[in-house]
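Biologist: I should like to learn how to read the nonpolar core and the domain interface of a model. Please take me through them in turn.

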Amino acid sequence: MTQFDRDVQLDLHRRMVRIRLFEEAAGQLDEAAKLPGFLHLYVGQEAVASGVCAALTDDDQITSNHRGHGHLVAKGGQFNQMMAELMGKSTGYCKGKGGSMHISSLDVGMLGANGIVGAGSTIAVGAGFANKYRNNGHVSATFFGDGASNIGALHEAANMAAALQLPTLFICENNEYGEFTPRDQTMAITDIVDRAAGYGIPGVIVDGMDVVAVHEAAVEAVDRARRGDGPSLIEAKTYRFYNHHGVQNLGLKYRTDDEVEQWKQRDPIFTYEDRLIAADTATRDDVDAVWEELRADIAAAIEFAESSPAPEADQLLVDVYTSTDTAGVAR
Amino acid sequence: MSRRLAYVQAFNEAVRQEMDNDPDVFCAGEDIGAFGGVFGTFTGLQKEFGVERVVDTPISEQAIIGLGVGAAVSGLRPIVDIMFMDFICVAFDQIVNQAAKIKYMFGGAATVPLTITTGGGGGLSAAGQHSQSLEALLCHIPGLKVVHPSNPYDMKGLMAACIREDNPTVMIKHKRLLGMKGEVPEDPYVVPLGTANVVREGTDATVVAWGRMANEAADAAEQLHNDGISVEVIDPRTLQPLDTETITESAHKTNRVVVVHEAVRFGGLGAEVAAQVQEHAFDYLDAPVARVAAPFSPVPFSPALERHYLPDVDRISAAIRGALERPGA
């Protein structure tokens, strides 16, 4: 833990708290029926996005999945535009045309959440290709779950990244459930990382509830990719505290209360705070101040989003196409 | 300067010239590198531009399209090849849910200057998974543009337009036209997307046809000309966006319209053309818009069956004569 500067250690904490507060707020708004559409919350998995994105710059790209808010927050997404997008407002990152499942911000290299399981992986491969093509030293990373590790696009993406030696990280967030079905019913292996050998790329397992462990692995994988040694796979063992969809979803019981409670004992933020304090890296007051400051930001973001205008009807057909000289007659 | 080039050479020349002009243009696909592509469309390009810009990929259609989408969003201008049009089905998520929608779903922040090239059409006894004309599936998707040239001149100009286009385009190369020769200017040029070509002017009936069927329609028009029937042939060239204006104007003049395509009739693009014509030229029509298309079955293997399956000059001529049998207003 001491191998990273204090600034880095506090940055990892701050990223996780930002995610937690955004997601808790989104969950409350959803339960109050203030958010249209579907909502897949990232609470419990904060260490993964934070540990990985802290190893990236704004010029490095990520692709995400349906559970994508945490990835965008960790990559530097702003609360105001994110909350406005979740509410379908014109001031949102996607001007209200993407919503939770397609939230994105090219400014910080976030090439989109994705409603299709595993689909973001191939796009990250394309971004990695562009980086290699331009020899710009940037890397791309794709976040996907244990469920997505079973879909064809993911295998094609991993194999292609390996074949072309692209600077692309494959970050598997193994939260043990593909929607509502436990992992052991959908695959005959326990560790997704076993598949790395099949692609001919390095793979490591990390404790996905330990942000420092994730960050260490990510730094190593990013360094490898930046120096031209190709892709790698990180499997982070983690857990989502809320349901597949929303907070309580339909009250579906597919996990025992005991199991959920055991994982919550390992809360990635609270356990990390205890370590920061024990190591004299931060005081309880320091830690509390972060929560307090960011809570104010969240409250402001909700106000911004609620007071923002909905998109006008005349925006319906805007941005279906980019206008160009050769566009011809569209109708 | 103009010289005669084959359709496949016109494609190749457009790619080469655009790659020469713009270092952001690259090609990726199966067997397109050293081998030059199974139809020879990429011949010599890897030798000229190197393995970095003409990339042999694994047989992974989803990842090929995804490679293009991710690279396009990151600022490059990819040309990605899906060997046979039938194989777009393997990558349909990446084309329909990703490439086509990213711009809109990102609130306009992304541009996707991606060109997907693919070999379509029947007539080679390639059977049900290597012969289809699936343009209607693509034209149905907001965000995509679709072109299908019928001759070498249009091939070069449309391909250049696709590469320069800031939207995802699908260039359908007709496999039976690869060796077709025609006049092609040496200097780069574009055929603007969304502009139809009036292949032949006429006054008695309008035939709208694309790809290889545009040439069959022109042959039918020539045949009927000998019988004193004047047929206007329109090749839309771009199927999305469709130049309905040129088609409508022609319908106003001839009052009879026949649509021809290789794809199956039900739900084919001919249905859209017919609907547009009745919306924009209803009062001018002297006969129902006729459709000449494949029957509702997979493309058969046996040459004996495929001959009956694909529209040809005789069937097109018969449909035009049928439209003319109705008395005019």
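Modeller: A nonpolar core is a set of buried (under 20% relative accessible area, 1.4 Å probe, protein chains only) Ala, Val, Leu, Ile, Met, Phe, Trp, Tyr and Cys residues joined through side-chain atoms within 4.5 Å. Here the largest one has 112 residues, and Phe129(A), Val15(B) and Met159(B) touch the most other members. This is a predicted model, in which local features need pLDDT of at least 70 and side-chain atom pairs pLDDT 80 or more, whereas totals for chains, interfaces and linings use all residues. Residues are numbered from 1 along each chain as its sequence is written, chains are lettered from A in the order written, and side-chain values use heavy atoms, without hydrogens and water.

Biologist: Where does this core lie with respect to the domains of chain B?

Modeller: Domain bounds come from an automatic or database domain assignment. Domain 1 (4–183) and domain 2 (197–325) of chain B both contribute residues, so the core lies between them.

Biologist: How many residues meet across the two domains of chain B?

Modeller: Contact means heavy atoms within 4.5 Å. By that rule, 26 residues of domain 1 of chain B are in contact with 25 residues of domain 2 of chain B.

Biologist: Which side chains form the salt bridge?

Modeller: A salt bridge requires a side-chain nitrogen of Lys or Arg within 4 Å of a carboxyl oxygen of Asp or Glu. The rule finds one across this interface of chain B. Asp154(B) and Arg237(B) meet in a salt bridge at 2.9 Å, N to O. Asp154(B) is also among the residues in contact with Met159(B), leaving aside neighbours within four places in sequence.

Note on methods. Buried < 20%, exposed > 50% of the residue type's maximum accessible area, 1.4 Å probe, protein only.
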